[in-house]
Amino acid sequence: MKAVRFSEHGGRDVIGYGESEEPTRKEGEVLIDVKAAALNHLDVWTRRGLPGIDLNMPHVPGSDAAGVVVDGGATRFDEGDGVAVWSGVACGDCEFCRNGDEPLCTSFHIIGEHVEGVHAERVSVPAENLVRVPDDVDMKRAAAAPLVFGTAWRMLVTRAGLRPTENVLVLGASGGVGHACVQIARHAGATVYATAGSDEKAETARKLGAERVFDYTDENFADAVREATDGRGVDVVVDHVGKETWRDSLASLAKGGRLVTCGATTGGDATTDINRIFWNQLDVYGSTMATRGEVDDVLSLVWEGALEPRIRATLPMSEAKEGHRMLEERDGFGKVVLVPDTEL
Ligand SMILES: NC(=O)c1ccc[n+]([C@@H]2O[C@H](COP(=O)([O-])OP(=O)(O)OC[C@H]3O[C@@H](n4cnc5c(N)ncnc54)[C@H](OP(=O)(O)O)[C@@H]3O)[C@@H](O)[C@H]2O)c1
Ligand SMILES: [Zn+2]
């Protein structure tokens with residue numbers, strides 16, 4: 001069978017697509033024929049190499065995939081079931097897992113980032129990492145949703161506790177996490193503001209529910225937010241951009257506001273105006289991935305069509321390199337889906 005692989009960390013040229021060993025199903029795992037997979041920015045970080053993570057090479061990347069069960073063993077899955085992968089792996093036994101907060105697990109890790117991933121024709125995945133996909137849900141949508149919608153749900157609903165009367169600013173609305181946050185915030189009844197790097201991206205963000213979208217290449221988004229809110233600022237800011245936006249994200253918050261972050265695409269060593277934090281009594285929330293309960297909640301809304309992953313491109317898996325380029329060059333809006341070449 002074929003899989004996306006790299007044998008060393010580096011630029012996009014290290015990505016290959018070739019013969020890989022057939023996965024063997026271990027106890028508690030489910031063997032799946034992958035029908036579609038999706039890229040996340042995480043795949044770019046994993047390819048470049050992350051400090052402290054020493055991968056077995058060659059490494060098969062990928063955290064998102066959906067497909068059909070070939071062999072469910074003695075698990076709750078049967079041959080022919082449609083499933084999507086949830087890539088967060090927790091021990092189930094540490095103090096945090098026992099308290100139901102898997103993303104805090106002391107040995108938390110991610111399929112594709114720390115262990116072999118799912119950008120392959122066939123994969124074997126622990127049954128607890130699978131979510132059922134109803135028959136009428138397209139496999140591309142099922143593959144595109146889990147990681148970013150799960151992350152976005154925990155950020156806004158669990159961590160920031162967004163309420164319907166509030167307003168929220170979502171940065172990078174064209175990205176996977178960003179476009180999920182715009183939709184979840186709107187679904188929660190909040191007034192949504194967003195930033196996007198072009199008119200076209202802004203237009204799509206508006207269609208997904210953003211009331212106003214600020215093009216940060218034209219204007220300072222913190223000033224624009226102040227103006228749009230009569231000087232008040234917003235209750236919640238979603239920031240996954242990092243160093244480049246951190247200061248203005250804090251400056252966009254109303255008194256008592258909350259900033260929630262899950263990433264730092266432009267770097268983590270940002271400058272913080274501490275005076276603003278204590279005087280305005282701001283809260284900063286970190287958030288990573290989601291519990292399986294949170295994933296079930298958000299995916300049920302995706303399956304029924306209330307939330308919708310936007311697909312910027314569907315590529316043959318052999319063109320994964322092009323998908324990485326689209327993410328790195330911010331080309332397009334939403335998710336890049338990879339379909340095994342044999343399924344096209
Ligand atoms: N902790 C977690 O559990 C978790 C989960 C998911 C993602 N993340 C992190 O969150 C970040 C976003 O992930 P994603 O998969 O949503 O990424 P993505 O699809 O590539 O989207 C990133 C978006 O950020 C915006 N952006 C602004 N400045 C940027 C810059 N200098 N370089 C690149 N993008 C920039 C872009 O929108 P514009 O072009 O419109 O500005 C882009 O669409 C990544 O750092 C990722 O590692 C963390
Ligand atoms: Zn644990």
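## Two domains and a zinc site

The protein is divided into domain 1 (2-145 + 309-343) and domain 2 (150-286), with bounds from an automatic or database domain assignment. This is a predicted model, where local features need pLDDT of at least 70 and side-chain atom pairs count only at pLDDT 80 or more. Residues are numbered from 1 along each chain as its sequence is written.

**Between the domains**

The C-alpha centres of the two domains lie 28 Å apart. In contact (heavy atoms within 4.5 Å) are 14 residues of domain 1 and 13 residues of domain 2. Buried area is the accessible area (1.4 Å probe) that two parts lose on being put together, summed over both. Here it is about 1100 Å², and carbon and sulfur atoms give 56% of this. R310, R330 and F333 supply 50% of the area that domain 1 buries against domain 2.

One salt bridge is counted between the domains. The term means a side-chain nitrogen of Lys or Arg within 4 Å of a carboxyl oxygen of Asp or Glu.

**The zinc ion**

The zinc ion (ligand 2) has the protein donors C91, C94, C97 and C105, each through SG, at 2.3 to 2.4 Å. Donors are N, O and S atoms within 2.8 Å of the metal (3.2 Å for Na, K and Ca). Their spacing in sequence is C-x2-C-x2-C-x7-C. The site is tetrahedral, with angles of 102 to 116 degrees among the four donor atoms; four donors earn that word if all angles lie between 85 and 135 degrees.

Two of the donors compare as follows; buried means under 20% relative accessible area, exposed over 50%, partly exposed in between (1.4 Å probe, protein chains only).

| Residue | Relative accessible area and class |
|---|---|
| C91 | 39%, partly exposed |
| C94 | 11%, buried |

Conventions. Chains are lettered from A and ligands numbered from 1 in the order in which they are written. Side-chain values use heavy atoms; hydrogens and water are left out. Four donors count as tetrahedral if all angles lie between 85 and 135 degrees; four count as square planar and six as octahedral if opposite donors are over 155 degrees apart and all others between 65 and 115; anything else is irregular.
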